Amino acid sequence: MILSSASPAEATLSLAAAVAYAVTAAGAARLSGTAARRALLVAWLLHAGAIAAGLLGQPRFGFAPALSVTGWLVLTVYAVESQMFPQLRARWALAGLGSVAVLLPLVFPGTPLHESASPWMPLHLALGIACYGLFAAAAVHAWMLQRVERSIRQGAEPQAGLPLLTLERLTFRFATAGFVLLTGTLVAGIFFSEALYGRAFRWDHKNVFSLLSWVAFAALLLGRVRFGLRGRRAVSVIYIGSVLLLLAYVGSRFVLEVVLKRAA
């Protein structure tokens, strides 16, 4: 049930963050650039507080907390980029996503991290979430890249507010960084599975989807270096790789927690 597993502090901060995100998204067209950035900053800080409040007690992990942290990481990337590129325009979309992401853990809190889990498990999970955040940032930039290309073809002003080549470079930088972290996460899972999970490595759906995502992004980066892959094809591969990675953990945990009603 909603709020059943959340502390009062986490619930209060989550609800406040959701309201702040919603106000930012709804008023994006009417707020000045400075006012919109400040409103988004308030929402981002409240979101960070909600995540911290959830970790202060017994840490819980599942698809909803993973999406919440991923959304916060994407907004962190946007906050940094907006300082370097004030003309970046994606506040309303990211604020809308943030308002949903911050509320999900209240409805689906996940399962507590087992006390007997390896001390390295939090690091392994953190690497995985960071990987999600980087690939989510790459997907967001790919979406903006598509908008710019469409605007150019229609002879209109680019809607993202950034030059096409700049967006393209940012997209591939995030994809490359995410690929490095994904590789490290997969290597750790394959060769240190017993230390992390207390069992030998096995080819379950999570690992299969993770490997398929790795293959997709490896093909993307290799195609970029060897054949100059770009444009719609590159964006399509980014979307495919991101969806596969989403299915790997978030999708499998959603099925376990929501569909099958199982803790693990």
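## A guided tour, starting at isoleucine 190

Select isoleucine 190, and you land in helix α7. Keep in mind as you click around that this is a predicted model.

**Stop 1: a nonpolar patch**

Is isoleucine 190 buried or partly exposed? Its relative accessible area is 35%, so it counts as partly exposed. Now add its companions to the selection: Val187, Phe191, Trp203, Val208, Leu211, Leu212 and Val215 join Ile190 in a nonpolar surface patch of about 730 Å². Colour helices α7 (164–191) and α9 (205–227), because each of them supplies at least two residues of the patch by the helix numbering used here. Which helix gives the largest share? That is α9, with four residues.

**Stop 2: the whole chain**

Zoom out and switch to a cartoon view. You should find ten helices and two strands. Walk along the sequence and the pattern reads α-α-β-α-α-α-β-α-α-α-α-α. The chain has 264 residues, and 45% of them are buried. Try a surface view as well: the chain exposes about 13,600 Å², with carbon and sulfur atoms supplying 70% of that.

How much of the contact list joins residues 24 or more positions apart? Among contacts with a separation of 6 or more, such pairs account for 79%.

**Stop 3: helix α1**

Select residues 8–26, which make up helix α1. This helix has 19 residues and reaches 27 Å from its first C-alpha to its last, close to the 27 Å expected at 1.5 Å a residue. Next, show the side chains of Glu10, Ala11, Ser14, Ala17, Ala18, Ala20, Tyr21 and Thr24, which are buried. A handy thing to remember while you look down a helix: there are 3.6 residues a turn, so residues three or four places apart point the same way.

Stay with α1 for a moment and pick leucine 13, then alanine 52. They sit 39 residues apart along the chain, and their C-alpha atoms are separated by 10.0 Å. Alanine 52 belongs to helix α2 (residues 33–56). With a relative accessible area of 38%, alanine 52 is partly exposed.

**Stop 4: threonine 70**

Jump to threonine 70 in helix α3 (residues 63–84). Buried or exposed? Threonine 70 has 7% relative accessibility, and buried means under 20%, so it counts as buried. Draw a distance from its side chain to the backbone oxygen of alanine 66, and you should get 2.7 Å. Then show what surrounds threonine 70: leaving aside residues up to four places away in sequence, it touches Ile129, Tyr132, Gly133 and Ala136.

**Stop 5: two salt bridges**

How many salt bridges does the count come to? Two. Side chains of opposite charge can pair when their charged atoms come close.

Select arginine 224 and glutamate 168 to see one of these bridges, where the closest N and O atoms are 3.6 Å apart. This pair links distant parts of the chain, with arginine 224 in helix α9 and glutamate 168 in helix α7, 56 residues apart. Arginine 224 is partly exposed at 26% relative accessibility, whereas glutamate 168 is buried at 6%.

Now add arginine 230. It also forms a salt bridge with glutamate 168, with the closest N and O atoms 2.9 Å apart. Here too the pair links distant parts of the chain: arginine 230 is in the loop between α9 and α10 (231–259), glutamate 168 is in helix α7, and 62 residues separate them. Arginine 230 has a relative accessible area of 43%, so it is partly exposed. Keep Glu168, Arg224 and Arg230 on screen together, since salt bridges that share partners join them into one network.

**Stop 6: leucine 245**

For the last stop, head to leucine 245 in helix α10. At 4% relative accessibility, leucine 245 counts as buried. What does leucine 245 touch, not counting residues up to four places away in sequence? Cys131, Tyr132, Phe135, Leu182 and Ser213. You have met Tyr132 before, as a residue that threonine 70 touches. Finally, select phenylalanine 209: C-alpha to C-alpha, leucine 245 and phenylalanine 209 are 6.2 Å apart in space, while 36 residues apart in sequence.

Conventions
Residues are numbered from 1 along each chain as its sequence is written. This is a predicted model: local features need pLDDT of at least 70, side-chain atom pairs count only at pLDDT 80 or more; totals for chains, interfaces and linings use all residues. Side-chain values use heavy atoms; hydrogens and water are left out. Patches are made of residues with over 30% relative accessible area and no salt bridge: like charges are joined within 9 Å, nonpolar side chains (Val, Leu, Ile, Met, Phe, Trp, Tyr) within 5 Å. Accessible areas come from the Shrake-Rupley method with a 1.4 Å probe; for residues, only the protein chains shown count as cover. A salt bridge is a side-chain nitrogen of Lys or Arg within 4 Å of a carboxyl oxygen of Asp or Glu. Buried means under 20% relative accessible area, exposed over 50%, partly exposed in between (1.4 Å probe, protein chains only). Contact means heavy atoms within 4.5 Å. The expected span of a helix is 1.5 Å times one less than its number of residues. A polar contact is a pair of N or O atoms within 3.5 Å; within protein, one must be able to donate a hydrogen and the other to accept it, and residues adjacent in sequence count only if both atoms are side-chain atoms.
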